[in-house]
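Thanks for making time this morning. I would like to walk you through one model, beginning with a single residue and working outwards.

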Amino acid sequence: MKLLEEKILSEGKALNKDILKVDSFINHQVDPVLMAQIGEAFAAHFKGRGITKVVTIESSGIAPALMTASALGVPMVILKKQPSQILNDNLYQTVITSFTKETNYELTLSKKYISEEDHVLIIDDFLANGEAATGAIRLLRLAHATIAGLGVLVEKSFQPGREKLVDQGTEVYALARVGAMDTDHVEFLPADDE
Ligand code: G4P
Ligand code: NA
Ligand code: NA
């Protein structure tokens with residue numbers, strides 16, 4: 001998505017070879033016009049596939065997931081993070097390891113909101129190591145839902161997330177693919193919508 005790539009170049013900041021700051025339009029302040037266009041782009045790609053829910057992981061995935069759900073005319077469900085493991089019969093739960101943030105957390109989903117009838121599109125802001133997305137898929141499988149694919153705003157293609165997901169049979173659709181970066185320098189690979 002050219003618009004997203006331009007925004008990353010003009011407003012994003014590569015801190016080093018690994019971390020891209022996008023606080024002014026995705027992670028802290030949110031650009032609602034851009035998010036609506038992102039939602040339309042994901043919906044255009046995944047429409048006609050029988051998607052019943054859009055699922056995201058709190059918190060930065062919520063804005064693009066909501067716009068995608070709105071464009072597809074289906075509900076959005078937020079997978080919630082809990083700091084510690086508290087067993088709860090009403091929840092599906094799985095532990096996620098974040099390499100970027102060097103922490104573990106538990107991802108949870110209420111049994112009320114996803115069932116075996118659901119065909120789910122997962123939306124998130126970043127795809128890095130793929131741990132969050134892999135955990136989301138584990139939770140959705142516990143609910144016996146099927147997965148239509150994963151849509152991400154920014155894939156860091158030099159990290160193993162895409163390969164991990166594609167190897168598990170999940171389609172990855174990235175609106176911007178960063179092939180390499182370094183302080184104040186970002187290089188893109190052709191995005192999946194180009
Ligand atoms: P993974 O799920 O792909 O394995 O990613 P990882 O654990 O490495 O990333 C953990 C968190 O860091 C995620 O946010 C992810 O969106 C974010 N992240 C990864 N790489 C970047 C980056 O280059 N720039 C920015 N800004 N964020 C990055 P989170 O902990 O789930 O939190 P939230 O921001 O959604 O609340
Ligand atoms: Na995120
Ligand atoms: Na994030």
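Which residues does Asn 129 touch, not counting residues up to four places away in sequence? They are Phe 99, Gln 159, Pro 160 and Gly 161, where contact means that the two C-beta atoms, placed from the backbone, lie within 7 Å.

Before going on, I should say that this is a predicted model, in which local features need pLDDT of at least 70, side-chain atom pairs count only at pLDDT 80 or more, and totals for chains, interfaces and linings use all residues. Residues are numbered from 1 along each chain as its sequence is written, while chains are lettered from A and ligands numbered from 1 in the order in which they are written.

Asn 129 sits in the loop between β7 and α5, with helices (H or I, at least four residues) and strands (E, at least two) taken as DSSP runs numbered from the N terminus. Asn 129 counts as partly exposed because 17 other C-beta atoms lie within 10 Å, whereas Ala 132, in helix α5, is buried, with 26; the cut-offs are 20 or more for buried, 12 or fewer for exposed, and partly exposed in between. Ala 132 touches Ile 57, Ile 96 and Asp 124, again leaving out residues up to four places away in sequence.

Both residues are among the closest to ligand 1, which is surrounded by 23 residues, each with its C-beta atom within 6 Å of the ligand. The largest share of that shell, three residues, comes from β7.
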